[in-house]
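Me: Walk me through how to read this model. Keep it quick.

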Amino acid sequence: MTVFLPDRLYAKTHEWVKVEGDIAISGISDYAQEELNDVVYVELPEVGDSFSQEESYGVVESVKAASDVFMPLSGEIIEVNRELANKPQLVNEEPYGQGWFIKFRVLDDREAEKLLDAAAYQQLVEKGG
């Protein structure tokens, strides 16, 4: 059963973000990892890189497909999950925990208005989004 955590915001492109002050952590949603199936590789940006909201910052590859990963909010990367290089399966096992992708400094918190809460994201997914 797909998990939708109420303490996260979600992009229509299936990334989640949890914001605490001006720092955010992000990865792909439980729904996204289920759709991808077995994740075999994750390409992440470098610390110090900056991206705009909805800009691609990385790639996640599975046995089924390769998909771009998009910034849920504009920000500067302050940490990447280096564990994913050797353990990409963490994305499948714990998409909201140890399978996180990036931590970043939020540049414009007003952009969060474009994101979905858990209930709205669940509706999107259930409609085949």
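**Reading the features**

Reply: Start with one pairing: A24 has F104 in β9 as its bridge partner. This is a predicted model, where local features need pLDDT of at least 70, side-chain atom pairs count only at pLDDT 80 or more, and totals for chains, interfaces and linings use all residues. Residues are numbered from 1 along each chain as its sequence is written, and side-chain values use heavy atoms, with hydrogens and water left out.

Me: Which strands do the four bridges join?

Reply: Strands are DSSP runs of E, at least two residues; helices are runs of H or I, at least four; both are numbered from the N terminus. Two strands pair if DSSP finds at least two bridges between them. Here four bridges link β3 (residues 23–28) and β9 (residues 102–106), running antiparallel.

Me: What is the strand order in the open sheet?

Reply: Six strands run β1-β2-β3-β9-β8-β5, with antiparallel pairing. β1 (9–10) and β5 (50–51) are the edge strands, each pairing on one side only.

Me: Is E94 buried or exposed?

Reply: Buried means under 20% relative accessible area, exposed over 50%, partly exposed in between (1.4 Å probe, protein chains only). E94 is partly exposed, because its relative accessible area is 33%. E94 sits in the loop between α3 (90–93) and β9.

Me: What does E94 touch?

Reply: Contact means heavy atoms within 4.5 Å. Leaving out residues up to four places away in sequence, E94 touches G99 and W100.

Me: Where does V63 lie?

Reply: V63 is in the loop between β6 (56–62) and β7 (66–70). V63 counts as exposed because its relative accessible area is 58%.
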